[in-house]
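Me: I've got a structure open and want to talk it through. Can you walk me around?
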Amino acid sequence: MTETYTGGCQCGAVRFRIEGTLGEASICHCRMCQKAFGNFFAPLVDARHEDLTWTRERPSYYASSDLVDRGFCSRCGTPLVFAYRDYPLIGLAIGAFDEPGRVPVTKQHWKRDKISGFDTLHALPGGPEDDPEFADVIAEIDASNHQHPDHDT
Amino acid sequence: MNLEETDIKSGGCQCGAIRYCAEGFKRPSICHCRMCQKAVGGPFAALVVVENLSWTRGEPAYFQSSNLVRRGFCRDCGTPLTYEFEGSHIDITIASLDQPDLVAPEIQLGLENRLSWCDGLAALPTRTAEAEAAAQDVFSGIRNHQHPDRDTDAWPGDAR
């Protein structure tokens, strides 16, 4: 069933739209994905090139190997794309979707590179950002938020 | 966190244009807030506060995500590197460290934006052994351009 998904980088310079069906959604623990995303893993979902439209600027690319290009926003840095060259599918960063909750992941790859601590992340205690002492700071950030909203503009 | 207060650790971006050394590691965290999600393209950012940070090769580009916070990244390859709270503290992304295993998060922030599917990540299935072996065959032939997980005198090296 054809669905529409939108997303983009933090600053909003790069935006995309997918009209189609998404493929496998996964997290990849390999060290290259860790470094590219500066994170425990890369969360990626496959889409067909023909279903994807860049609706504002396009990503910049870094060739992380001879086979793979990684796309990101050169203005704010958000990692956006993992793409094998000459391959019908393109991997998009799930956190860059406007509604990442619509893209649940179903698989994990390269567990041999898994960072210790990953298995218990979900059980960590919560932080103090809801404490009254943080209210003013949070309000100031909310009022001056430069992030692109989670919808096309 | 398996680090002493005085430990100095190195790290950098994927392409190696930006390298740093850091010390004074505090409060390793994951943050689920929507701004961190979007900045790193993931369900959360994994960050650790550092008291001292010096750039040993290159310097990051910045996006001012609000009037209080700027986020550093590599303009050449995009790796998210810092979360810098004006006048207060600097966090670095844990996975940009050369030894990210040393800095296990101890707290999670921004729980109001936590994606519902985060809880089950550790229990997700992986490839079958056969599929993993087949994938390994493909990947063993790839020429990797990523900077190694240690400081180098020059990069890219002559081998490229």
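Me: How far apart are the end C-alpha atoms of helix H2 (residues 129-140) of chain B, and what should its 12 residues span?
Reply: The end C-alpha atoms of H2(B) are 16 Å apart, and at 1.5 Å a residue its 12 residues should span 16 Å, so the two agree. The expected span is 1.5 Å times one less than the number of residues. Before going on: this is a predicted model, where local features need pLDDT of at least 70 and side-chain atom pairs count only at pLDDT 80 or more, while totals for chains, interfaces and linings use all residues. Residues are numbered from 1 along each chain as its sequence is written, and chains are lettered from A and ligands numbered from 1 in the order in which they are written.

Me: Is H2(B) covered or in the open?
Reply: H2(B) lies largely in the open, because the number of buried residues among its 12 is 0. Buried means that 20 or more other C-beta atoms lie within 10 Å of the residue's own; 12 or fewer makes it exposed, in between is partly exposed, and C-beta atoms are placed from the backbone.

Me: OK, zooming out. How many helices and strands does chain B have?
Reply: Chain B has 2 helices and 8 strands, in the sequence pattern β-β-α-β-β-β-β-β-β-α. Those are DSSP runs numbered from the N terminus: helices are H or I with at least four residues, strands are E with at least two.

Me: And what's the pattern for chain A?
Reply: Chain A reads β-β-β-α-β-β-β-β-β-β-β-α, with 2 helices and 10 strands.

Me: What spans do the C-alpha traces have in chain A and chain B?
Reply: Along the principal axes, chain A spans about 55 × 40 × 30 Å and chain B about 50 × 45 × 30 Å. As for burial, 43% of the 153 residues of chain A count as buried, and in chain B it is 41% of 160.

Me: What share of contacts in chain B joins residues at least 24 apart?
Reply: In chain B, 61% of the contacts between residues at least 6 apart in sequence join residues at least 24 apart. For chain A that share is 60%. A contact here is two residues whose C-beta atoms, placed from the backbone, lie within 7 Å.

Me: Switching to the interface: how many residues of each chain are in contact?
Reply: 60 residues of chain B contact 57 residues of chain A. Several elements of chain B each supply at least two residues to that side, including strand E2 (19-31), strand E3 (45-57) and strand E6 (80-85). H1(B) gives the most, with 5 residues.

Me: What's the make-up of that side of chain B by class?
Reply: The side of chain B that touches chain A has 31 nonpolar, 20 polar and 9 charged residues. Nonpolar covers Ala, Val, Leu, Ile, Met, Phe, Trp, Tyr, Cys and Pro, charged covers Asp, Glu, Lys and Arg, and the others, Gly among them, are polar.

Me: Now E6(B). How many of its residues are buried?
Reply: E6(B) is mostly covered, with 5 of its 6 residues buried.

Me: What does E6(B) pair with over 4 bridges, and what over 5?
Reply: E6(B) runs antiparallel to E5(B) over 5 bridges, and pairs in the antiparallel sense with strand E7 (residues 89-93) of chain B over 4. Strands pair if DSSP finds at least two bridges between them. On the E5(B) side, Val69(B) stands opposite Phe85(B); on the E7(B) side, Thr82(B) has Ile92(B) as its bridge partner.

Me: Which turn residues have a positive phi in the E5(B)-E6(B) hairpin and the E6(B)-E7(B) one?
Reply: In the E5(B)-E6(B) hairpin, which has 6 residues between the strands, Gly78(B) has a positive phi of about 95°. In the E6(B)-E7(B) hairpin, with 3 residues between the strands, Gly87(B) has one of about 70°.

Me: Why does Leu81(B) count as buried?
Reply: Leu81(B) is buried because 27 other C-beta atoms lie within 10 Å. Leu81(B) sits in strand E6 of chain B.

Me: What does Leu81(B) touch?
Reply: Not counting residues up to four places away in sequence, Leu81(B) touches Gly38(A) and a set of chain B residues, among them Cys13(B), Ile18(B), Phe73(B) and Ile92(B).
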